[in-house]
Amino acid sequence: MVKARVVSFDVEGTIVTPSFSDYVWLEAIPRLYARNRGISFQEAKAFITKEYEKVGMDKPEWYDIAYWFKRFNLENFQSILEDSFHRLAYYPEVKEVLEGLRGDGYRLIIISNSSREFLRFQIKELEDYFDQVFSTTSDFAQTKHHAELYSRIYSLTGVTPQQAVHVGDRLDSDFHPPRKAGAIAYHLDRSGRNRGEYVVRDLVEFREKLNRFDGCR
Ligand SMILES: [Mg+2]
């Protein structure tokens, strides 16, 4: 067996908390829409949430802030992102684990559904840890619910899926597809409700399991 060489990370719910995104999508955009239309924040939020649901998170547009600004007839999403940046928060163990994994000799990459515009803010302070950053929606116009997309990304990174390990918080996009592609995947369940060989509670446990796994094969 080959030692894993590349570790790919999901971003939201894995590296950054949802606070920044939630603020942008559910506070800042409805507030701007309400002001433009002269309606209440509650009305705007109800309307906008319904519009999001019509598209759904399996479609690339869901993640595309430029698309939504056009659809809602709004301008300047850049300033919304900048004004919301103070809401961004990393999970406490992130930097230490990334540093540790680099020290262990792994190459680290990002595989996120977030659009480039979002990622720029979400990993602003962590860029140095990652060799490559893939936004599946901006780079491939797809969401990462597809095994083929994982295979394609690993091949662009110069490894086979068998040399890759993915970690993320969603079963339907971070666990089943990479496994189907042939990679090892760990399900990050920060609630701690699920247990199993390939379930981890935080990234510290992920690194421990990965080291153990790589040590014994
Ligand atoms: Mg996630």
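Mentor: Let's start with a rule for reading sheets: two strands count as paired if DSSP finds at least two bridges between them. Keep in mind that what we have here is a predicted model. Strand 5 (residues 184–188) and strand 6 are a good case, since they pair in the parallel sense over two bridges. Within that pairing, Leu-188 has Val-200 of strand 6 as its bridge partner.

Trainee: Thanks! In what order do the six strands form the open sheet?

Mentor: The order is 3-2-1-4-5-6, and the pairing is parallel. At the edges are strand 3 (132–135) and strand 6 (199–200), each of which pairs on one side only.

Trainee: How many bridges link strand 1 (residues 6–9) to strand 2 (residues 107–112)?

Mentor: Four, in the parallel sense. One residue to follow across the sheet is Ile-110 in strand 2, the bridge partner of Phe-9. Ile-110 also stands opposite Val-133 in strand 3, and strands 2 and 3 run parallel, joined by four bridges. To get from strand 2 to strand 3, the chain passes through helix 6, giving a right-handed β-α-β crossover.

Trainee: Now the core. Which residues touch the most other members of the largest nonpolar core?

Mentor: They are Ala-4, Ile-29, Ile-110, Val-165 and Ala-183, out of 49 residues in that core. You have already met Ile-110 as the partner of Phe-9. Helix 1 (residues 19–37) gives the most to the core, with six residues. Both domain 1 (6–17 + 89–215) and domain 2 (19–87) contribute at least three residues each.

Trainee: How far apart are the centres of domain 1 and domain 2?

Mentor: Taken over C-alpha atoms, the centres are separated by 26 Å. Where the domains meet, 16 residues of domain 1 are in contact with 10 residues of domain 2. On the domain 1 side, helix 6 (residues 116–122) supplies the largest share, four residues. By class, that side has five nonpolar, nine polar and two charged residues.

Trainee: How should I read a helix that packs against other elements?

Mentor: A general point helps: an α-helix has 3.6 residues a turn, so residues three or four places apart point the same way. Then look at helix 9 (residues 171–181), where Ser-173, Asp-174, Phe-175, Pro-177, Pro-178 and Ala-181 are buried. The buried residues of helix 9 pack against helix 8 (147–157), strand 4 (164–168) and strand 5. After helix 9 comes Gly-182, with a positive phi near 110°.

Trainee: Why is Pro-178 called buried?

Mentor: The cut-off is 20 or more other C-beta atoms within 10 Å, and Pro-178 is buried because it has 28 of them within that distance. Pro-178 touches Tyr-150, His-166, Ala-183 and Ala-185, leaving aside residues up to four places away in sequence. On the same basis, Ala-183 touches Tyr-150, Tyr-154, Pro-161, Ala-164, Val-165, His-166 and Pro-178. By contrast, Phe-20 is 158 residues from Pro-178 in sequence and 26 Å away in space, C-alpha to C-alpha.

Trainee: And what about backbone angles?

Mentor: The background is that most residues other than glycine have a negative phi. Asn-73 has a positive phi of about 60° although it is not a glycine, and Asn-76 likewise has a positive phi, of about 65°. Asn-73 sits in the loop between helix 3 (65–71) and helix 4 (77–84), and Asn-76 is in the loop between helix 3 and helix 4 too.

Trainee: Is Asn-73 buried or exposed?

Mentor: Asn-73 counts as exposed because it has 9 C-beta neighbours inside 10 Å. Asn-76 counts as exposed as well, with 10 such neighbours.

Trainee: Where does Trp-62 lie?

Mentor: Trp-62 is in the loop between helix 2 (41–55) and helix 3. Trp-62 has 18 C-beta neighbours inside 10 Å, so it counts as partly exposed. Not counting residues up to four places away in sequence, Trp-62 touches Tyr-52, Val-55, Gly-56 and Met-57. Ser-84 is 22 residues from Trp-62 along the chain, and their C-alpha atoms are separated by 19 Å.

Key:
Residues are numbered from 1 along each chain as its sequence is written. This is a predicted model: local features need pLDDT of at least 70, side-chain atom pairs count only at pLDDT 80 or more; totals for chains, interfaces and linings use all residues. A nonpolar core is a set of buried Ala, Val, Leu, Ile, Met, Phe, Trp, Tyr and Cys residues joined through C-beta atoms within 7 Å. A residue is buried if 20 or more other C-beta atoms lie within 10 Å of its own, exposed if 12 or fewer, and partly exposed in between; C-beta atoms are placed from the backbone. Domain bounds come from an automatic or database domain assignment. Two residues are in contact if their C-beta atoms, placed from the backbone, lie within 7 Å. Ala, Val, Leu, Ile, Met, Phe, Trp, Tyr, Cys and Pro count as nonpolar, Asp, Glu, Lys and Arg as charged, and the others, Gly among them, as polar. A crossover is right-handed if, with the strands pointing away from the viewer, the path from the first strand over the helix to the second runs clockwise.
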